[in-house]
Amino acid sequence: MGIHRLPNGLVSRPNAAACAVLSAQSYAAGNPLRTADPTVTALALGCRGKCVLILLLFAIGPLSISGAAKNRSAMQLPGYQAVRVHYGPLNKMIMSVRINGQPANLLVDTGSNQLILNAEAAESFGVRPSQRAQAVPRPTFQAFRYVRYTEIGGELLPVGFVQNISAGGMNFGGTLVTLRGSTHSASGTGAGHVDGVLGLDILLRHKALINCRTKLVFFKVDQNRRINLGSVAASEKFTRVPIRREENGALTVPCSVRGQSTRLLVDTGAFVTILHKSFAASLGLASEPTRITAQFARGGSKKISAAKLNDFTIGAFKVPPDKFGVVPLPQFALQQGSSKIGGILGMDTLYICHAIIDLDGMNLFLK
């Protein structure tokens, strides 16, 4: 599949206004990662307020985009607060945060509609399921407590309340959080450990600008501030692709494969780009078997194939020819409101194509 070891590097010197979001310094040469040893990676997909965990067993190694920054001074963008992220194993875009004053790591995930914490980690942060008093009609004069729940992936999960969450110099204040058992999380250990997911509820609320290549997320703090990101992006030879938010909250972009139009989910929590198997078959794409198995949260395992794409565009942007994953996606991922989904735009392609996700202007910029 199109899985590479990407070079180290971060952003260049600060530039004016929107240029700060777009600029990137040159990168040291890197070589594709190929190994004979199977490596376990994970693909987290959240749609329609639901999510699925796909475990992938790769015969070749996952994309590595870890790498130390050459310049650690945060970029300045007037009206925005910049927060650095780093990439852990399995292409996780990880943001270091503080939850109720305690340090934590969250996966930045545009495929999730909400902030999610692993229940065990939440307990250590003092976050527990919210309880409210519900009155019982007379003459009992009693009351009992009930726990608020939300549905994710067909499962009812309790909801808690975080008194304060912050990242770098950005304070998000208090917010509701969904609590999920650790068995449902690909949290891992060490450098790739995450305590939960930073989802669209916070990212959209603060009109985030996510630069996948320079490892910076900008949060808007001055609502009166406007930046002309589109014109600057064009001058830097980026292609603008409009993002649409579907009725269920999912973010999608138009794409074309072999001249056939469809839409892709924009999912920074997905560590590889994948096409739905039946969509790929309808295009006559020749796929080859791999040693990859996808294990869905609901249902059995699925074999993954790889297909070479030479005619793949996202909006008007032509994606470099490469191999991409092919797998039967779950039904709830395929139907986003009135839109039919052909696949998932994952972190490997977003990084390689210098993606900037603009949740203020609702645009995806690719280069």
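K323 is a partly exposed residue, with 29% relative accessibility. In this predicted model, K323 forms a salt bridge with E288, and the closest N and O atoms sit 2.7 Å apart. This pair links distant parts of the chain, since K323 is in strand β25 and E288 in strand β21 (residues 287-295), 35 residues apart. E288 also counts as partly exposed, at 37% relative accessibility. Elsewhere, R244, E246 and R263 are joined into one network by salt bridges that share partners.

Altogether the structure holds five salt bridges. One of them brings together the side chains of D360 and K220, at 2.9 Å from N to O. Here too the link is between distant parts of the chain: D360 is in the loop between β28 (356-358) and β29 (363-366), K220 is in strand β15, and 140 residues separate them. What about the two ends of this bridge, buried or partly exposed? D360 is partly exposed at 30% relative accessibility, whereas K220 is buried at 2%. Another salt bridge pairs E123 with R128, with 3.3 Å between the closest N and O atoms. Both partners turn out partly exposed, E123 at 43% relative accessibility and R128 with a relative accessible area of 46%.

Now for the rings. There are three aromatic pairs in the structure. In one of these, the ring centres of F172 and F219 are 5.0 Å apart and the planes meet at 80°, so the pair is edge-to-face. The pair connects distant parts of the chain, with F172 in strand β12 (residues 170-180) and F219 in strand β15 (residues 216-220), 47 residues apart. F172 counts as buried at 6% relative accessibility, and F219 is buried as well, with a relative accessible area of 0%.

F312 and F324 make up an edge-to-face aromatic pair too, at 5.4 Å centre to centre with 85° between the planes. F312 belongs to strand β23 (residues 312-314) and F324 to strand β25 (residues 322-327), so the pair ties together parts that are twelve residues apart in sequence. Both rings belong to buried residues: F312 has 1% relative accessibility, and F324 has a relative accessible area of 7%.

Strand β23 also contains T313. At 18% relative accessibility, T313 falls under the 20% cut-off, so T313 counts as buried. Leaving aside residues up to four places away in sequence, T313 touches C255, S256, K318 and V319.

Conventions. Residues numbered from 1 in each chain as written. Predicted model: local features only at pLDDT ≥ 70, side-chain atom pairs only at ≥ 80, totals over all residues. Heavy atoms only, no water. Phe/Tyr/Trp six-rings, centres within 6.5 Å; stacked < 30°, edge-to-face > 60°. Helix = DSSP H or I, 4+ residues; strand = E, 2+ residues; numbered from the N terminus. Buried < 20%, exposed > 50% of the residue type's maximum accessible area, 1.4 Å probe, protein only. Contact = heavy atoms within 4.5 Å. Salt bridge = Lys/Arg side-chain N within 4 Å of Asp/Glu carboxyl O.
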